Amino acid sequence: CRSVSSVKARLGVVVQQRELCRSTHDDDRAALLTAVRDRSLPKRRLQAAVESFLAQHGLRSSEEGAICSAALARHQLWESGLALLSEANFLRETRGLNAAISACRSGHQWELALWLARTSSPILLDHISYSMLIGACGRNWEHALALLSEAHQAGHGDDNHILSAAVSACGKGWEWQRALQVLEAATQRGNAGTPNVAVYGAAIDSCRRADCWEASLALLSTMRFQNLQPDIPGLGAAVSALARGTQWTSALRLFDESFPYESPSPG
């Protein structure tokens, strides 16, 4: 009985030691991952943090791969992030594929982003995938609208992030009328919550780029009629559109209405 008790006691000690080691290992892992997330880290320290994390712990999931890839992309190291995801075979998962598309977008590699999407299983593409793909297109509005059509066929077309990205792509490509068509089509479909403030803001900015201040003001009026409160980017774009159109009085009036000056309280 004593020998059995002794063995059990020793086993208990071994289990405790293993749990302690595992806990310490997990704490170290969490600390390194926190360092990788730190946006204030300069480029070299960030690279060192990622390398230490990979060397000591490796990647357990596509989520961790996405964190490392995004951190590298912030410092123009998108190729390293993409290679990391590919080597870990995370491109076969939606989270990993989205991280790869995001890396390509950071590097302004819209054609590579599209190639990744085209060579992946369609079932991996979700609303985030389409939003980032369209965002990666930049001013290539034709590809953006083609992707928007695909997103509709996949059941994601009324996602506000996707709509906003498509409208922005049209605006960047100087196709402000097409941007308004995307907005109008979304409005006519009448789905709750779409288009939202961000989509309208993207449309207002599209009009600003084309110096169409009248359309910008019309969009603001439409938003208010629909009880949508314009956000700061949207209001700023409208003020800028008026200024570019030499509508100085209207620009100042809208600015004063949108950003009222609050005098500092005495004392």
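Six salt bridges turn up when the whole structure, a predicted model, is searched. One of them joins the side chains of Arg189 and Asp158, with nitrogen and oxygen 2.7 Å apart. Arg189 belongs to helix α10, while Asp158 sits in the loop between α8 (141–153) and α9, so this pair ties together parts that lie 31 residues apart in sequence. Neither partner is hidden from view: Arg189 is partly exposed, with a relative accessible area of 34%, and Asp158 is also partly exposed, with a value of 24%.

Helix α11 offers another place to look at such pairs. Here Asp205 forms a salt bridge with Arg208, and the closest N and O atoms are 2.7 Å apart. The two residues are three apart in helix α11, which means that about one helical turn separates them. Asp205 also meets Arg209, side chain to side chain, in a salt bridge of 3.3 Å from N to O. In this case the residues are four apart in the helix, and again the separation is about one helical turn. Taken together, Asp205, Arg208 and Arg209 are linked in a network of salt bridges.

How buried or exposed are the members of this network? Asp205 is partly exposed, with a relative accessible area of 22%. Arg209 is partly exposed too, at 25% relative accessibility. Arg208, at 17%, counts as buried because its value falls under the 20% cut-off.

The helix that carries this network deserves a closer look. Helix α11 runs over residues 197–209, and its 13 residues should span 18 Å at 1.5 Å a residue; the end C-alpha atoms are 18 Å apart, so the model agrees with the expected length. Most of the helix is covered, with 10 of its 13 residues buried. Among the buried residues are Val197, Val199, Tyr200, Ile204 and Cys207, and the list also includes Gly201, Ala202, Ala203 and Ser206. The cover over these buried residues includes α9 (160–172) and α10 (176–189), along with α12 (213–225) and α13 (232–244).

Both ends of α11 have something to show. At the N-terminal end, Asn196 acts as a cap: one of its side-chain oxygens lies 3.2 Å from the backbone nitrogen of Ala198. Beyond the other end, the helix is followed by Asp211, a residue with a positive phi, near 60°.

Two further residues help a newcomer find a way into other parts of the chain. The first topic is Cys68, which is found in helix α3 (residues 62–74). Cys68 is buried, with a relative accessible area of 0%. Setting aside neighbours within four places in sequence, Cys68 is in contact with Val36, Val50, Phe53, Leu59 and Leu84. One of these partners, Val50, is 18 residues away from Cys68 in sequence, yet the C-alpha atoms of the two are 6.5 Å apart in space.

The second topic is Ser129, a residue of helix α7 (residues 127–136). Ser129 is buried, with a relative accessible area of 0%. Which residues does Ser129 touch, not counting those up to four places away in sequence? The contacts are with Asn98, Ile101 and Leu124.

These local views fit into a chain made of helices: its secondary structure comes to 14 helices and zero strands. Of the 267 residues in the chain, 40% are buried. Many contacts bring distant stretches of sequence together: among those between residues at least 6 apart, 61% join residues at least 24 apart. The chain exposes about 15300 Å², and carbon and sulfur atoms supply 52% of that area.

Finally, a word on how confident the prediction is. The mean pLDDT of the chain is 85, and 87% of the residues reach 70 or more. Confidence is highest in α9, at a mean of 96, and lowest in helix α1 (residues 2–37), at a mean of 58. Over residues 13–25, pLDDT stays under 50, and for this stretch the model has three contacts beyond four places in sequence.

Definitions and conventions. Residues numbered from 1 in each chain as written. Predicted model: local features only at pLDDT ≥ 70, side-chain atom pairs only at ≥ 80, totals over all residues. Heavy atoms only, no water. Expected span 1.5 Å × (residues − 1). Buried < 20%, exposed > 50% of the residue type's maximum accessible area, 1.4 Å probe, protein only. Contact = heavy atoms within 4.5 Å. Polar contact = N/O pair within 3.5 Å; in protein donor to acceptor, adjacent residues only side chain to side chain. Areas by Shrake-Rupley, 256 points an atom, 1.4 Å probe, with all protein chains shown as cover. pLDDT = per-residue confidence, 0-100. Salt bridge = Lys/Arg side-chain N within 4 Å of Asp/Glu carboxyl O.
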